[in-house]
Amino acid sequence: MNEPQPLTTATELPDGAVRLLDADGTLHQDTRFTPYLADLDEAALQRMYRLMATERRVDSEGTSLQRQGQLALWVPAIGQEGAQAGALTALHDSDWIFPTYREHLFALGRGVTPGQLFELFRGASHAGWTAEDHRLQPYTLVLAAQTLHATGYAWGIQRDQAGWDADRLRREGQIALACFGDGASSEGDVHESMVFAASFNLPVVFFCQNNQWAISVPASTQTRVPLAQRAAGYGFEGITVDGNDPLAMYAVTAWAAEQARTGAGPVLVEAHTFRVGAHTTADDPTKYRTREEEAAWAGVDPMARLEKYLRATGAAGTDPDGFFADVAAEGERLAAQSREAVLAMTGDAIAPLEAVFDTVYAEPHPLVAEEKAWHRAWQAGFADAADATDAIDAPDAADGGRRA
């Protein structure tokens, strides 16, 4: 058995990985994927950058709000904007996205407001948006469960589109995008999803954002070979992409979506990227990462890379400085709106915790009834009932925003 060759630097890509845009903004040609860039006009490129920049600003606000005790938890996605922006831009508006809990750019790009996004992390609701309105399912906190949901939904899509010819599938067909991380790739749910998707040739694209760390466990521990190579074991293609290259992410995802959409079956896209911040605001990455690794990845930042390209090609418009200033101002406006929305989530704006038990299942469930009774008994144990309500309905800054 051949031993896998380790990467020699933190940012080195595995052999065969797709990169179109260098860190300095130089664009390379690729026979297979460059043709897909023809559909990226100036407006699409500008929107891609705008989404990346505004998400990053809202993301930073999320961390600040959690540190101030206004959110129970926050899951940063800074550093992964290029992977998400490229993939989102390649999808049709009718395609369905099944996120984990770090797909903030997908959410904002599909019209979810920052306030709606923060509802979950404030504990104000199960999810701040209706899935059907955005073709974006609620965040899934159970690791890898969304890959099963996406595969099952793709099966339904396939049945609804039975009998369509290739041309109609290309124009009107839907796909499901199943998002997961390198850590979740070790879960059995991912394996089961890929087996089922391959068996029935389902219109699903498995989208793995390999951000190098499954909390404190490095990707090298998760797998001996690039994650994309696992697809071969299921009978479909897997491709590793420079996830900090938004243009490569767009081109590869557009190709993968086309394959799934037209009946060629599932595809696994592994975006080789980096989580700049903590896994969540309950994590301290300085305990397991080096400053040298973080500095190396800062040198291939996806936003800086795309900005250089937009300036060099004139795609930022006739007044590039004005364009980037406008984007920055929009980010500040969204951050302010985010804060206002979160601070308004008080009193009647937040359902009492007891109401959560009533919305787990459509019909009464004996286990949920038992848990609700336990909760009532626990709450009754407080000397002052109001103290109990405060303890469970308000984030506690002293314990990092976790609920009692």
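Hello everyone, let me begin with one residue: at 48% relative accessibility, Asp 358 counts as partly exposed, the class between buried (under 20% relative accessible area) and exposed (over 50%), with a 1.4 Å probe and protein chains only. Before going on, please keep in mind that this is a predicted model, in which local features need pLDDT of at least 70 and side-chain atom pairs count only at pLDDT 80 or more, while totals for chains, interfaces and linings use all residues. Residues are numbered from 1 along each chain as its sequence is written, and side-chain values use heavy atoms, with hydrogens and water left out.

So, which side chain does Asp 358 meet in a salt bridge? The partner is Lys 372, at 2.8 Å from N to O. Lys 372 sits in helix α15 and Asp 358 in the loop between α14 and α15, so this pair ties together parts that are 14 residues apart in sequence. The helices here are DSSP runs (H or I, at least four residues), as are the strands (E, at least two), numbered from the N terminus. Unlike its partly exposed partner, Lys 372 is buried, with a relative accessible area of 16%.

While we are in this loop, have a look at Val 360, which is also found between α14 (353-356) and α15 (366-380). Val 360 is partly exposed, because its relative accessibility is 45%. Together with Val 356 and Tyr 361, Val 360 forms a nonpolar patch on the surface, and the three have about 260 Å² of accessible area together. For a patch of this kind, residues need over 30% relative accessible area and no salt bridge, and nonpolar side chains are joined within 5 Å; the areas come from the Shrake-Rupley method with a 1.4 Å probe.

Back to charged pairs. How many salt bridges does the rule give? The count is 20, taking a side-chain nitrogen of Lys or Arg within 4 Å of a carboxyl oxygen of Asp or Glu. Here are two more of them.

One is formed by the side chains of Arg 171 and Glu 172, at 3.2 Å from N to O. Arg 171 is exposed, at 52% relative accessible area, whereas Glu 172 is partly exposed, at 38%.

The other joins Asp 242 and Arg 305, at 2.8 Å from N to O. Asp 242 lies in strand β6 (residues 237-242) and Arg 305 in helix α12 (residues 302-313), so this bridge ties together parts that are 63 residues apart in sequence. Are these two buried or exposed? Both Asp 242 and Arg 305 are buried.

That pair leads us inside, to the cavity. Rolling a probe the size of a water molecule over the atoms shows where empty space is left. On a 1 Å grid, a cavity is a set of points where a 1.4 Å probe fits but cannot get out, and lining residues have an atom within 4 Å of a point. There is one cavity of 30 Å³ or more, and about 40 Å³ of space lies in the largest cavity. Which residues line it? Asp 242 and Arg 305 are both among them, along with Thr 11, Leu 13, Arg 19, Asn 244, His 272, Trp 297 and Val 300. By class, this lining has three nonpolar, three polar and three charged residues.

Next, a stop at the backbone. Ala 144 has a positive phi of about 80° although it is not a glycine. Ala 144 lies in the loop between α5 and α6, and with 1% relative accessibility it counts as buried. Leu 143 is found in that loop too, between α5 (131-134) and α6 (145-160), but Leu 143 is partly exposed, at 35%. The C-alpha atoms of Leu 143 and Pro 320 are separated by 41 Å, with their positions 177 residues apart along the chain.

Gln 212 also has a positive phi of about 80° without being a glycine. Gln 212 lies in the loop between β3 (204-210) and β4 (213-214), and it is buried at 11% relative accessibility.

Let me finish at strand β7 (residues 267-272), where Val 267 is found. Val 267 is buried, at 2% relative accessible area. From Val 267 to Ala 231 the C-alpha distance is 7.6 Å, although the two are 36 residues apart in sequence. Thr 273, in the loop between β7 and α11 (291-298), is buried at 0% relative accessibility. Thr 273 and Ala 328 are 55 residues apart in sequence and 23 Å apart in space, C-alpha to C-alpha.

How values were computed
Patch = residues over 30% accessible without salt bridge, like charges linked within 9 Å, V, L, I, M, F, W, Y side chains within 5 Å. 1 Å grid on protein atoms, 1.4 Å probe; cavity = no way out; pocket = protein on both sides within 12 Å on 5 of 7 lines; lining within 4 Å. Points joined across faces, edges and corners; volume = space filled by probe spheres on them. Nonpolar A, V, L, I, M, F, W, Y, C, P; charged D, E, K, R; others polar.
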